[in-house]
Amino acid sequence: MTITDPDTIPATPIYTITVSSNGVAAVNGEEVTEPGLDANEARVRALAEVRIKAAFHGRPVRVLAKEADGAAWPLIVDVNGDVVTLDRPHPTPPAPAAVPAQAPPAAPSSPAAGEPVVTRAPEEAPQHPAAGTLARAVQQPAAPDAGRATAAVPPEWAAPLPPQYATAWAEVVEHERAGRLVEAIVAAAQVEAALAGAFGPLAPPTVNVMTVRATFTVRRVEETEEWAETTELLVQTAQRRREAGAPEDETQRVISNAHAAWVRLALEDAEGARETAESVLALLGDRPEHKRRVEAVFRLLEWGAAK
């Protein structure tokens, strides 16, 4: 979704960020940083948490950033990490209404692709102190788009699993639809291992299931905060897809998510991030669309070394 008109962004949810004088940032009252940070770093950490929430909504979200001196900034944080500062308050949310339950997506044979759109704040608008910083420093794994057409995908990559695995895959789908992602990940790993034994690790069915397992892992990483493990899985998945000749659009999505997870790892564990930076940079390569990501990797490596 492109933020060409802020009025198109739904009025809810509105996430409230507060930054105290001792460097503690909170989102909707929940502390997301420890004391001792400077105000700007605390803001970036809080906006990173909101960025995760935007990614799971699959669209930009509204934010009210409150400073220790009482100043308040109405913002929009988009799914690629850019921050737009509004020149007017957020609209009053509508009265609560019953919301129908959203049908869970069917587990795809290959998770969907699609890069979020980058937008910029109008130059004439006053800027929140963290506007632009988050986009340069933090990107969160994007939510999968289960509605992507697969017409352009080669038949061997779009084909369903062999029939002898239908029952096992149905168990994966049942767990995912019920929100049992841990069980879905375990079940997917078992199917993946069986396929690797029967067809090899580079066979399209094996690689597709590995990609689904990685997608499920991304969907719960906010809860687990296992950024190192998630980065490693995404890197391995992208490498496997490249080696197997899998469709490149989905491989690029996996690479983007690997970078995003690595960035969060770098903010939490600079030493651990240094150990995996080379493999992430190798995946990003010199593609123009990854230029900002490569630059972010080097900036965060320098920041970690200076800590």
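User: What share of the protein's residues count as buried, and what makes a residue buried here?

Analyst: In this predicted model, 48% of the 307 residues of the protein count as buried. The label applies to a residue because its relative accessible area is under 20%. The accessible surface of the protein comes to about 14700 Å², and 54% of that surface belongs to carbon and sulfur atoms.

User: What fraction of contacts joins residues at least 24 apart, and how is the secondary structure made up?

Analyst: Among contacts between residues at least 6 apart in sequence, 67% join residues at least 24 apart. The protein has 11 helices and 6 strands. One example of residues far apart in sequence is Ala11 and His90, which are separated by 79 residues along the chain and by 7.1 Å in space, C-alpha to C-alpha.

User: Why is Ala11 called buried, and where is Ala11 found?

Analyst: Ala11 is found in the segment before β1 (14-19). Its relative accessibility is 16%; the cut-off for buried is under 20%, so Ala11 counts as buried.

User: How do you know that Glu41 and Arg45 form a salt bridge?

Analyst: The N to O distance between their side chains is 3.5 Å. A salt bridge requires a side-chain nitrogen of Lys or Arg within 4 Å of a carboxyl oxygen of Asp or Glu, so the pair qualifies. Both residues lie in helix α1 (residues 39-57), 4 residues apart, and are therefore separated by about one helical turn. A search of the whole structure finds 6 salt bridges.

User: Why do Glu41 and Arg45 carry the labels they do for accessibility?

Analyst: Glu41 has a relative accessible area of 22%, which lies between the limits of 20% and 50%, so Glu41 is partly exposed. Arg45, at 17%, falls under 20% and therefore counts as buried.

User: What makes the pair Arg219 and Glu176 a salt bridge, and which parts does the pair tie together?

Analyst: The closest N and O atoms of Arg219 and Glu176 are 2.8 Å apart, and this is within 4 Å, so the pair meets the criterion. Arg219 lies in helix α6 (residues 204-219) and Glu176 in helix α4 (residues 166-177), so the salt bridge ties together parts that are 43 residues apart in sequence. Glu176 is buried at 3% relative accessible area, whereas Arg219 counts as partly exposed at 26%.

User: How do you know that Arg242 and Glu248 form a salt bridge, and which network includes them?

Analyst: Their closest N and O atoms are 3.1 Å apart, within the 4 Å limit, so the salt bridge is assigned. Salt bridges that share partners join Arg242, Glu248, Arg287 and Glu289 into one network. Arg242, at 35% relative accessible area, is partly exposed; Glu248, at 31%, also counts as partly exposed.

User: What makes Glu225 exposed, and which negative surface patch includes Glu225?

Analyst: Glu225 has a relative accessible area of 55%, and exposed means over 50%, so the label follows. The negative patch is formed by Glu225, Glu268, Asp269, Glu271 and Glu275. Glu225 itself lies in the loop between α7 (221-224) and α8 (227-244).

User: Why is Arg59 called buried, although Arg59 lies in a loop?

Analyst: Arg59 is found in the loop between α1 and β4 (61-66). The label rests on accessibility: the value is 17%, under the 20% cut-off, so Arg59 counts as buried. The C-alpha atoms of Arg59 and Val77 are separated by 8.9 Å, and the two residues are 18 apart along the chain.

How values were computed:
Residues are numbered from 1 along each chain as its sequence is written. This is a predicted model: local features need pLDDT of at least 70, side-chain atom pairs count only at pLDDT 80 or more; totals for chains, interfaces and linings use all residues. Side-chain values use heavy atoms; hydrogens and water are left out. Helices (H or I, at least four residues) and strands (E, at least two) are DSSP runs, numbered from the N terminus. Buried means under 20% relative accessible area, exposed over 50%, partly exposed in between (1.4 Å probe, protein chains only). Contact means heavy atoms within 4.5 Å. Accessible areas come from the Shrake-Rupley method with a 1.4 Å probe; for residues, only the protein chains shown count as cover. Patches are made of residues with over 30% relative accessible area and no salt bridge: like charges are joined within 9 Å, nonpolar side chains (Val, Leu, Ile, Met, Phe, Trp, Tyr) within 5 Å. Lys and Arg count as positive and Asp and Glu as negative; His and the chain ends are not counted. The place of a charge is taken as NZ of Lys, CZ of Arg, CG of Asp or CD of Glu.
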